[in-house]
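Visitor: I'd like a close look at one small patch inside this protein, the kind of spot where side chains meet. Could you start there and then walk me outwards?

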Amino acid sequence: MRSYSKALILNLAAFSLIACDDIKEAETEIDAGGSESADASEKYECNDVISGGESSKPESDAAVVDDAGDNSESGAACSEIDLSNPKADGLENVEIEIEEGSAATETEDAVNASIAITLKSEQKACLKLTGAFDGEVKIKNKNDVDVDLTLDGVKIESNAFDAKLSLKTSNEEKGNTYTVSLKGENRIAGAGTKNSKKVLDCGCNLKIVGDGSLDVVSRYKTGISVDDVFTIASGTVNVAVERAQLYDDEKGFGVKVTHGFVMDGGQLNITARDGIYGYESRGLKVDGEDSAYGKGKGYIVVNDGVIKIESDAKAFSAGWDIEDDCETCDATDDDPFPDVTINGGVIDIHTYGTPREDDHADGSFSPEGLEGKRNVTINGGELSIVTTDDAINAKNAITINGGRVVAYASANDAIDSNGTILIAGGIVGALGASEPEGGIDCDENSRLTYKGGVVFAIGGSQNTPEGDGTVGSFVYSSLGQAQNFKAGPGGGSNGAQFAGKTLALTSGSNNEAIAALKVPSDYKGGATIMVLAPSIAKGESYNLYTDAELADCASLFSDVILESSSSVAGSAVQSVTAGVGGMSGPGGGPGGGPGGDPGEGPGGEPGGGPGGEQPPAQK
């Protein structure tokens with residue numbers, strides 16, 4: 001396991017992606033035209049970079065996603081069709097039907113322009129598309145075989161007719177796959193008409209490979225729709241929801257998948273910010289389905305690659321909810337597993353909508369960031385999640401075994417589980433709103449278990465770890481009760497005073513930084529602070545700075561700064577005492593003493609659960 005030094009600073013003031021200690025990441029860049037690309041950033045080295053040290057990593061019951069390679073050879077001759085001049089002459093096992101479009105008149109409806117390509121091969125088919133077409137392209141897979149489809153400079157777009165690309169099969173449950181290899185720049189843009197509800201519409205599995213790019217623009221409802229599992233192995237996929245008005249009470253989606261989403265590489269950028277009140281657009285959602293074919297599915301797995309999502313509504317969701325979505329509600333053996341598992345990669349999520357409660361006239365609205373309706377498990381990766389509602393939310397369990405996570409919720413909890421939370425490793429910054437919201441929330445202290453890693457949490461309130469199996473000690477400081485700070489309502493709701501400042505916890509003996517958090521300049525949340533770190537000893541005194549100055553090297557990693565500092569200077573320092581449940585005393589004096597012993601309640605369990613099929617195995 002990689003070793004680190006003892007200081008950590010989490011920074012949300014900027015969101016560039018630069019690695020420290022030879023960790024190499026990708027940086028998302030938006031050009032003037034709105035397109036996005038990923039460039040590998042330089043390696044930055046930092047002396048004595050600090051983390052949370054060694055930690056135990058509980059076994060997970062989720063399976064591993066196999067590494068996805070490039071588009072394989074079909075073993076048959078590849079048919080090539082120029083959409084600008086489509087011909088079937090000389091093409092084996094391919095039929096083409098072309099329908100010319102016509103505008104609507106006073107007596108006749110508009111007729112859409114379309115190209116229908118029927119693949120009749122009884123083995124894996126191979127098809128290459130080039131050129132441009134003003135209308136709809138439909139590919140029909142007559143014998144439900146796997147298809148290798150290359151898009152090489154394709155443009156499907158129209159101002160007059162419905163524009164979309166449909167990849168169809170006669171039987172979704174046969175599990176066949178369209179493997180789409182991207183070459184050059186490709187674009188599919190719906191015209192905002194009812195027939196282009198789904199701009200890229202796949203009726204089975206869809207896998208993206210190649211070194212090119214694909215832009216998908218939805219002006220009606222959904223950018224990419226996949227009826228089975230959607231996998232991105234390489235290439236760049238940009239999806240935009242650009243609805244100017246609401247059609248037929250339809251909510252917008254960047255990507256909508258039925259059975260699963262797997263990210264193995266490449267880059268996915270989603271922008272879904274049309275701002276249509278009551279029908280705000282979402283980023284990516286996996287629906288899930290309770291059926292013999294859908295059992296154990298409904299998952300999201302990220303192994304590698306870069307994901308960037310900006311949305312008004314929820315950004316990244318395994319969203320099947322047994323209370324709202326079950327169809328065979330009397331049986332549970334056919335239920336999907338709406339789990340989110342992050343094993344690696346870079347994830348940058350922002351949501352912008354204003355949350356609404358259930359009693360609101362327009363119903364509830366929850367613009368959460370990363371959501372698993374069953375479990376969320378983070379084993380690695382670099383996550384920057386900035387939201388209005390909960391940044392990370394799960395119904396059953398949240399498990400953090402590794403990785404680097406910054407979760408910042410301006411109007412709710414940063415990390416919120418309706419069941420258990422287990423933190424066993426990694427580096428976590430959690431910034432929540434004012435009381436009753438907070439940095440870490442699982443309703444009961446007995447449901448929060450700490451076994452390793454470094455956590456710096458701030459908000460109106462915090463759960464403290466008392467779950468069975470909790471190890472180590474931590475510092476918990478309710479700054480609203482300290483003389484050095486202006487008391488706010490609820491004792492912890494005056495965190496705006498820390499906006500733009502650096503909070504740092506240092507050892508009492510040599511004043512070395514143990515953990516530090518740079519608070520965003522727009523922070524208005526609470527002032528209750530909790531720090532978890534293996535090096536903290538129960539009953540020992542530590543210094544808590546609220547306007548710290550850290551010396552030596554500073555290296556920005558994603559929105560996380562890791563600092564190696566021989567000493568910390570600054571103002572507004574108070575002494576705090578480590579212990580379970582320990583509260584701070586007056587500024588400058590000793591803390592409130594060590595807290596009580598760990599609680600007896602059960603600890604959080606790893607993400608995932610028994611029963612049914614598992615998602616493709618984690619790496």
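Guide: Sure! In this predicted model, let's begin at F261, which counts as buried, with a relative accessibility of 0%. F261 forms an edge-to-face aromatic pair with F316, with 6.2 Å from centre to centre and 80° between the planes. F261 sits in strand β22, whereas F316 belongs to strand β27 (residues 316-318), so this pair ties together parts that are 55 residues apart in sequence. And where does F316 stand, buried or exposed? Like F261, F316 is buried.

Now step back for a second and count. How many aromatic pairs are there? The count comes to 3. One of these joins F230 to F261, again edge-to-face, with the centres 5.6 Å apart and the planes at 65°. Here too the chain has to come back to itself: F230 is in strand β19 (residues 229-232) and F261 is in strand β22 (residues 260-263), 31 residues apart. F230 has a relative accessible area of 1%, so it falls under the 20% cut-off and is called buried. Put the three rings together and you have one aromatic cluster, made of F230, F261 and F316.

Rings turn up elsewhere with another sort of partner. R273 lies over the face of Y352, 3.7 Å from the ring centre. K297 does something like it with Y293, sitting over the face of that ring at 3.6 Å from its centre.

Next, let's hunt for empty space. Rolling a probe the size of a water molecule over the atoms shows where such space is left. Searching the whole structure turns up 1 cavity of 30 Å³ or more. The largest cavity holds about 40 Å³ of space. Which residues line it? They are L149, L151, L165, L167, V180, L200, L206, I208 and L214. Strands β11 (147-157), β12 (164-169) and β16 (205-210) are the elements that give two or more residues to this lining. By class, you get 9 nonpolar residues there, with no polar and no charged ones.

The largest pocket has another make-up. Its volume is about 980 Å³, and 34 residues line it, with K314, S364, F365, S366 and K373 closest to its centre. Both β24 (282-286) and α1 (322-325) supply at least two residues of that lining. Which element gives the most? That's α1, with 3 residues. What about the classes of residue in this lining? The pocket lining splits into 6 nonpolar, 8 polar and 20 charged residues. Keep the cavity in mind as you look at that list: its lining has no charged residues, while the pocket's has 20.

Now for the cysteines. A search of the whole structure finds 1 disulfide. C78 and C126 form it, with their sulfur atoms 2.2 Å apart. Which way does it twist, left-handed or right-handed? The torsion about the S-S bond is about -80°, so this disulfide is left-handed. Follow the chain and you'll see that the bond links distant parts: C78 is in the loop between β5 (43-44) and β6 (79-82), and C126 is in strand β9 (residues 125-133), 48 residues apart. The two ends sit in unlike surroundings: C78 is partly exposed, at 42% relative accessible area, whereas C126 is buried, at 17%.

Why isn't C202 in a disulfide with C204? The closest cysteine sulfur to that of C202 is the one in C204, but at 4.0 Å it is too far for a bond, because a disulfide needs the sulfur atoms within 2.5 Å. C202 itself counts as buried, with 0% relative accessibility. C442 is buried as well, with a relative accessible area of 0%.

One last stop, a couple of places before C442 in the numbering you can see on screen: I440. I440 sits in strand β38 (residues 440-441), and it is buried, with a relative accessible area of 2%. How far is I440 from I415 in space? The two are 25 residues apart in sequence, yet their C-alpha atoms are 5.0 Å apart. Compare that with where we began: F230 and F261 are 31 residues apart along the chain, and their ring centres are 5.6 Å apart.

How values were computed:
Residues are numbered from 1 along each chain as its sequence is written. This is a predicted model: local features need pLDDT of at least 70, side-chain atom pairs count only at pLDDT 80 or more; totals for chains, interfaces and linings use all residues. Side-chain values use heavy atoms; hydrogens and water are left out. Rings of Phe, Tyr and Trp (its six-membered ring) pair if their centres lie within 6.5 Å; planes under 30 degrees apart count as stacked, over 60 as edge-to-face and the rest as tilted. Helices (H or I, at least four residues) and strands (E, at least two) are DSSP runs, numbered from the N terminus. Buried means under 20% relative accessible area, exposed over 50%, partly exposed in between (1.4 Å probe, protein chains only). A charge sits over a ring if NZ of Lys or CZ of Arg is within 6 Å of the ring centre and within 35 degrees of the ring normal. On a 1 Å grid over the protein atoms alone, a cavity is a set of points where a 1.4 Å probe fits but cannot get out, and a pocket is an open set with protein on both sides within 12 Å along at least five of seven lines; lining residues have an atom within 4 Å of a point. Grid points are joined across faces, edges and corners, and a volume is the space filled by probe spheres set on the points. Ala, Val, Leu, Ile, Met, Phe, Trp, Tyr, Cys and Pro count as nonpolar, Asp, Glu, Lys and Arg as charged, and the others, Gly among them, as polar.
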